[in-house]
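Thank you all for coming. I would like to take a few minutes to walk through one structure, going slowly enough that anyone new to this can follow on the screen.

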Amino acid sequence: MMVIVVANAPPRLRGRLAVWLLEIRAGVYVGNYSARTRQRIWDEVVAYINAGDAVMVWQAPTDQGYDFATVGTNRRMPVDFDGLRLVKFMPPHSIENGSD
């Protein structure tokens, strides 16, 4: 299973995602695809996200049982902590200035 959440996504991208996935809430898409198809869908998200942001979560054979990828500017950034994927919460001013 995979979940994609988009914010500020252009209508063209939302339409493309709706072709492959079920939109269960505004900007929240779910589906169940192979790793190859999942990567192709994510490539579309990366190509068309423009000024928006997105996160994709999928089931994976990790200690956590899932993995995730992000694209775009967001206050929540993934970090690796001793093999675990965690989320670092950035202060609002660092996003506006483009710094850490």
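I will talk about three residues, and then about a pocket and a cavity.

Before anything else, please keep in mind that what you see is a predicted model.

Let me begin with Asp 53, which lies in strand β4, the stretch that covers residues 53-59. Is Asp 53 buried or exposed? Its relative accessibility is 13%, and because buried means under 20%, Asp 53 counts as buried. For a charged side chain, we may then ask which side chain of opposite charge is nearest to Asp 53. That is Arg 76, but it is 7.9 Å away, and Asp 53 has no salt bridge. What the side chain of Asp 53 does have is a polar contact of 3.0 Å with the side chain of Asn 74.

If we set aside residues up to four places away in sequence, Asp 53 touches Val 5, Val 6 and Ala 7, and it also touches Val 71, Gly 72, Thr 73 and Asn 74. As a further point of reference, Pro 11 is 42 residues from Asp 53 in sequence, and their C-alpha atoms are 13 Å apart in space.

The second residue is Val 3, which you will find in strand β1, residues 2-7. With a relative accessibility of 25%, Val 3 counts as partly exposed. Its C-alpha atom is separated by 4.5 Å from that of Val 30, although these two residues are 27 residues apart along the chain. Again leaving out residues up to four places away in sequence, Val 3 touches Val 28, Tyr 29 and Val 30, together with Val 55, Met 56 and Val 57.

The third residue is Asp 67, found in strand β5, which runs over residues 66-71. Here the side chain makes a polar contact of 2.9 Å with the side chain of Arg 85. Apart from neighbours within four places in sequence, Asp 67 is in contact with Arg 85 and also with Met 56, Val 57, Trp 58 and Ala 60.

Now let us turn to the open and enclosed spaces. The largest pocket has a volume of about 220 Å³. It is lined by 15 residues, and those closest to its centre are Ala 54, Val 55, Thr 70, Asn 74 and Arg 76. Which elements give two or more residues to this lining? They are β1, β4, β5 and β6, the last of these covering residues 76-81.

As for enclosed space, the count comes to one cavity of 30 Å³ or more, and the largest cavity holds about 30 Å³ of space. Its lining is made by Leu 13, Arg 16, Leu 17, Trp 20, Ile 41 and Glu 44. Helices α1 (11-20) and α2 (35-48) each supply at least two of the lining residues, and α1 gives the most, with four residues.

That is where I will stop, and I am happy to go back to any of these places on the screen.

Technical notes
Residues are numbered from 1 along each chain as its sequence is written. This is a predicted model: local features need pLDDT of at least 70, side-chain atom pairs count only at pLDDT 80 or more; totals for chains, interfaces and linings use all residues. Side-chain values use heavy atoms; hydrogens and water are left out. Buried means under 20% relative accessible area, exposed over 50%, partly exposed in between (1.4 Å probe, protein chains only). Lys and Arg count as positive and Asp and Glu as negative; His and the chain ends are not counted. A salt bridge is a side-chain nitrogen of Lys or Arg within 4 Å of a carboxyl oxygen of Asp or Glu. A polar contact is a pair of N or O atoms within 3.5 Å; within protein, one must be able to donate a hydrogen and the other to accept it, and residues adjacent in sequence count only if both atoms are side-chain atoms. Contact means heavy atoms within 4.5 Å. On a 1 Å grid over the protein atoms alone, a cavity is a set of points where a 1.4 Å probe fits but cannot get out, and a pocket is an open set with protein on both sides within 12 Å along at least five of seven lines; lining residues have an atom within 4 Å of a point. Grid points are joined across faces, edges and corners, and a volume is the space filled by probe spheres set on the points.
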